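Me: I'd like to learn how to read this model one feature at a time. Please give me the general idea first, then the case here.

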Amino acid sequence: MSLQEEISRRRTFAIISHPDAGKTTLTEKLLLFGGAIHIAGAVKSNKIKKTATSDWMEIEKQRGISVATSVMGFNYGDYKINILDTPGHQDFAEDTYRTLTAVDSVIIVVDVAKGVEQQTRRLMEVCRMRNTPVIIFVNKLDREGRDPFDILDELESELKIKVRPLSWPINIGAKFKGVYNIFEHSLDLFTPDKQRVSERVEIESVDDPRIDENVGEKDAAKLREDLELIEGVYPEFNVDEYLQGKVAPVFFGSALNTFGVKELLDCFVKIAPAPRPTKTEERVINPDEEGFSGFVFKIHANMDPNHRSCIAFVKICSGKFERNAPYKHVRSGKIMKFAAPTAFMAQKKSIVDEAYPGDIVGIPDTGNFKIGDTLTSGEILHFKGLPSFSPEMFKYIENSDPMKAKQLEKGVQQLMDEGVAQLFVNQFNGRKIIGTVGQLQFEVIQYRLLHEYGAQCRWEPISLYKACWIESDDPEALAAFKKRKFQFMAVDKEGRDVFLADSGYVLQMAQTDFPKIKFHFSSEF
Ligand code: G4P
């Protein structure tokens, strides 16, 4: 197969949802259709149970599972599908943001009873920043839930994207009879069964009497009414708009009952994008270029202190990746060869000889890689767009064992390179501040510093509201701002200026008083 053919058959995506909406269940059903697994229940949820938030060992066990499920590759017809898993626990949201930089599209799962929940909203913001195409799957139609029109309105207003239903439910909950597939003009009848696929009735049009025969006259009439309304309110589905991230097609179903999943998958492979060009600081890279390039979007540490090794996950952006070929590690300038790159197919991790754009390879690493690093056939390229967002929680990190200062320094450095949390150094007093998305990350850091580096740290409180990256076209204004706020100025690990606002009010005042300063809540601007 030519490079171009390999590229066009690849679909690399992530499923995102608020915990419990059904991401794990949907992933598993997709793997079933791809023949990657044979029985339901084979995919272990990598979500960290809410009850276990303080139980660190439990988390560690569960993190072990998540290495295996980080990337799930399988073939479906002529397509090669790569699903990138994202951690369910919101304290690891930063990890999810980065994973979203390595996918070409996204499927969002929403619970029909709960609608759009907080985490989905935030993840969608990241998709919007990058114009990532999204398909929405409204799940759990077998349970009582909200009116589908209300759900569509909520999706539009909360996720700030136009929607277009491509399937439509006939009733919901106990009376749920199935969906009308607008995309393929068929009627899919619901049989509550976890293993079996639903029954499909091919129909000519919405006026086909077979609809009445199968769902009864009353429901058929309601369906026709709903469909008429849909056609009146929502413009025809336009694939280009979807590909530009301007409209999200919506499917309805029940992942647990394997209902509506195959329809979703069939539509997905047809419309979802193959690997797309990637932006670098130097130029735009097309996937079909001869030269290999890829970037590290995730580093997974081995939690076993006796084997301090990591796996760096590299997304291939262009060319063909080959085992043992010499590649340039752009940040260090070193030429490296990888003897044991792994790929992830049908839930098995195995050494691969070659891989193509859209694929993810895992490279065993002993501390050479940082998140965002680039590998190429020789060209100097820096990939753009691995965003850091303002953390939610901040603490000073202090050394508890004066004999181990060096170890602490090194440990903090490496954990930050891995993307576990963010480090800011206060310019006024030189103290180090760690910013995280949730409490759990502080526990992870403390535990890992001790077990992997033999260093002990303690946390001291600091009351901060947000970290904002600042810039200005006017150097004098920037200097004046930094002078005025010198106690609250810090640098991030790239040396960029960050303003640490201690309250929403202070931030608002600063924005009013310094109109020439731009305040950014993400490092990508
Ligand atoms: P997540 O990865 O998004 O966190 O969600 P997950 O798939 O683990 O699903 C959360 C719960 O919702 C699970 O139940 C799952 O069985 C259930 N579920 C998923 N899809 C459907 C559906 O279409 N209909 C119904 N009725 N339930 C669904 P659980 O009791 O929390 O876990 P388990 O013991 O069943 O694994």
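**Reading the sheet and the ligand site**

Me: Let's start small: which residue stands opposite Leu 189 in E10?

Reply: Glu 199 is the residue in E10 facing Leu 189. In general, strands of a sheet pair through backbone hydrogen bonds, parallel or antiparallel. Here E9 (residues 186–189) and E10 run antiparallel, joined by four bridges. Strands (E, at least two residues) and helices (H or I, at least four) are DSSP runs numbered from the N terminus, and two strands pair if DSSP finds at least two bridges between them. Before we go on: this is a predicted model, where local features need pLDDT of at least 70, side-chain atom pairs count only at pLDDT 80 or more, and totals for chains, interfaces and linings use all residues. Residues are numbered from 1 along each chain as its sequence is written, and side-chain values use heavy atoms, with hydrogens and water left out.

Me: What joins E8 to E9?

Reply: Again four bridges, and that pair runs antiparallel too. Val 179 sits across from Asp 188 in E9. The hairpin of E8 and E9 has four residues between the strands, and His 185 there takes a positive phi near 50°.

Me: In what order do the strands of the open sheet come?

Reply: The order is E7-E8-E9-E10, four strands with antiparallel pairing. E7 (167–170) and E10 (199–202) are the edges: each has a single partner strand, so one side of each lacks a neighbour in the sheet. From one strand to the next, the twist averages 25°. Helix H8 (residues 217–233) packs on this sheet by touching E7 and E8 (178–181), and its direction makes about 150° with that of E7. Touching means heavy atoms within 4.5 Å; axes are lines fitted to C-alpha atoms, for helices over the stretch in contact, with angles from 0 to 180 degrees between N-to-C directions.

Me: Are the side chains of E9 buried or exposed?

Reply: Buried means under 20% relative accessible area, exposed over 50%, partly exposed in between (1.4 Å probe, protein chains only). In E9, Ser 186 and Asp 188 point one way, Leu 187 and Leu 189 the other, and all are buried. Elsewhere, Thr 342 in strand E19 (residues 342–345) counts as buried because its relative accessible area is 11%. Its contacts beyond four places in sequence include Ile 351, Val 352 and Ile 360.

Me: Which residues come nearest to the ligand?

Reply: A residue is near a molecule if one of its heavy atoms lies within 4 Å of it. Of 17 such residues around the ligand, Asp 20, Lys 23, Thr 24, Thr 25 and Ser 254 come nearest. Helix H2 (residues 23–33) gives the largest share of the shell, three residues.

Me: Which polar atoms sit by the ligand's oxygens?

Reply: Look for N or O pairs within 3.5 Å. Ser 17 has a polar side-chain atom 3.4 Å from a ligand oxygen. Ala 21 offers a polar backbone atom, also at 3.4 Å from a ligand oxygen, and a backbone N or O atom of Leu 256 is at 3.3 Å. On its own the ligand has 700 Å² of accessible area, 69% of which the protein covers; areas use the Shrake-Rupley method with a 1.4 Å probe.

Note on methods:
Polar contact = N/O pair within 3.5 Å; in protein donor to acceptor, adjacent residues only side chain to side chain.
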